[in-house]
Amino acid sequence: MSEVVHGYRRPDPATQPPLNSPAYGSTAARHPKQPLLELPHTPTETSSPLFTAARYPELADLTVLENGAGQAMGERIIVGGRLTDEDGRPVRHAMVEVWQANAAGRYNHEGDTHDAPLDPNFLGRGRVFTDENGFYRYVTIRPGAYPWRNHHNAWRPNHIHYSLFGSGFAQRMITQMYFPGDPLLPLDPIFNTVSDEAARNRLVSTFDLELTQPERALGYRFDIVLRGREATPMEDDHHD
Amino acid sequence: MTDATTSRASNATPELAPSEATMERLVASAHQTAGPYWHLVDFPEWADTTRHFADNLPEGGQRITVTGVVRDGTGAPVTDALVEIWHADPAGRYPDGNGDPTAFQGYGRCATDKEGRFRFVTLKPGPVPVGPHAGANAMQAPHMAVALFARGLLQHLSTRLYFEGEALNETDPVLRAVPEARRGTMIAKPAGNGAWTLDLRLQGEGETVWMAV
């Protein structure tokens, strides 16, 4: 049974990146200069599209093409974690989309002109759904670092892009997962736009022996938290 | 998602039913830019929300197109943007979350082209209740949520698209919260035969009213 959700809590700004960030050059002409209008949450914001694997088939192993021919080059890894809201409620049956560069640091995209080899066996996109407890998991290749011309000698740390939907469109989020110990993290203007250190570090996955499979691949855990519901006197927590 | 590792991981952490006693307090993850290569998860057919229905559209469904050009602060077209829409069905209803996969869903995704243009095919939404706190008779004018992702946007930008000529535009609480001089940045104009247009301006002259959702 669905319960009535009145809205979602507003984030602490220190835990989210600003729209204007001079260190990240592309924000200069793209950030709004007028103040944002605070939108009250209505059914448009508290409802969300429903995605099912029947209509949006899973692509849970990025290391093999659908025709089964060939294997992607690079270090195979298993990535998994849990999608919840700020109250720890699992986000069930949610679609998780991921995309990334290949092991050499090149995207399978016409706009990427970095002089690194494309891998004909790696498209760099995946789609999985969370289970009853909010867990997701996929198999991929550890992405390489790549240069991006934001400043002299600028290199993006290894990362995987994530696109997420919750139960309300106000929970919509795109983020990036990073890797532990990456020496580029302290130098990266995008990662460092999040001023709160703990919030920033929550974007870094952790090595996970439970997810690691013997003779197959290392596992990395990345939990993701969507906005929590605004408390209301009407709220009934026993049905979700 | 069915192999042994996933099962073990799931079993290792039994679900905690949230209650006031056990409620965890987590902090929402930080957004990060979609970057310029999000097209790897773009599927052009997603720009047509009617694609699952053929001619069997929901009752009262009026097929429309919504197009526009996205421009940055210099007036240059934004050619790498991901535009998403989310809106109610022609009767003003949203899916109830209980998972009827055959119900109409007003969700679309579209990449801007070399001219910065997006184009959706969808059904014109009906008026939507303001919400459970506002009484059954308080209605919002027909509208769409619009989310815009791109390189240079560390969080996505959000606005709403309304339709010129709707009587409810005069009383819509969101439109009324916007200074009159800027409301036009949220109101699509008709171009005939069910075509509607609204340009989006990230910054500068005619800047769209962007919202903290």
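Biologist: What makes strand β1 of chain A and β12(B) a pair?

Modeller: This is a predicted model. Strand β1 (residues 37-38) of chain A runs parallel to β12(B), with two bridges between them. Pairing needs at least two bridges, so they count as paired.

Biologist: Which residue stands opposite A212(B)?

Modeller: E38(A) does, facing A212(B) in β12(B).

Biologist: Why is the link of D80(B) and R30(A) called a salt bridge?

Modeller: Their side chains meet at 2.8 Å, N to O. The cut-off is 4 Å between a side-chain nitrogen of Lys or Arg and a carboxyl oxygen of Asp or Glu, so the name applies. The interface of chain B and chain A holds six salt bridges by this rule. The two chains also have 39 residue pairs in polar contact, both residues at pLDDT 80 or more.

Biologist: Which elements of chain B supply the side that touches chain A?

Modeller: Several supply at least two residues each, including α1 (4-12), β2 (82-87) and β12 (211-212). α1(B) gives the most, with five residues. By class, that side of chain B has 42 nonpolar, 24 polar and 17 charged residues.

Biologist: How do you know how many residues take part in the contact?

Modeller: Contact means heavy atoms within 4.5 Å, so residues that meet this cut-off are counted. The result is 83 residues from chain B and 99 residues from chain A.

Biologist: What area is buried between the chains?

Modeller: About 8,000 Å² between chain B and chain A. Carbon and sulfur atoms give 56% of that area.

Biologist: Where does UniProt place the domain "Intradiol ring-cleavage dioxygenases" in chain A?

Modeller: The unreviewed entry lists residues 79-107 of chain A. That span is 0% helix and 41% strand, and its end C-alpha atoms lie 19 Å apart.

Terms used. Residues numbered from 1 in each chain as written. Chains lettered and ligands numbered in written order. Predicted model: local features only at pLDDT ≥ 70, side-chain atom pairs only at ≥ 80, totals over all residues. Heavy atoms only, no water. UniProt positions renumbered as here; feature names shortened; annotations may be inferred. Helix = DSSP H or I, 4+ residues; strand = E, 2+ residues; numbered from the N terminus. Buried area = accessible area lost by both parts, 1.4 Å probe. Polar contact = N/O pair within 3.5 Å; in protein donor to acceptor, adjacent residues only side chain to side chain. Nonpolar A, V, L, I, M, F, W, Y, C, P; charged D, E, K, R; others polar.
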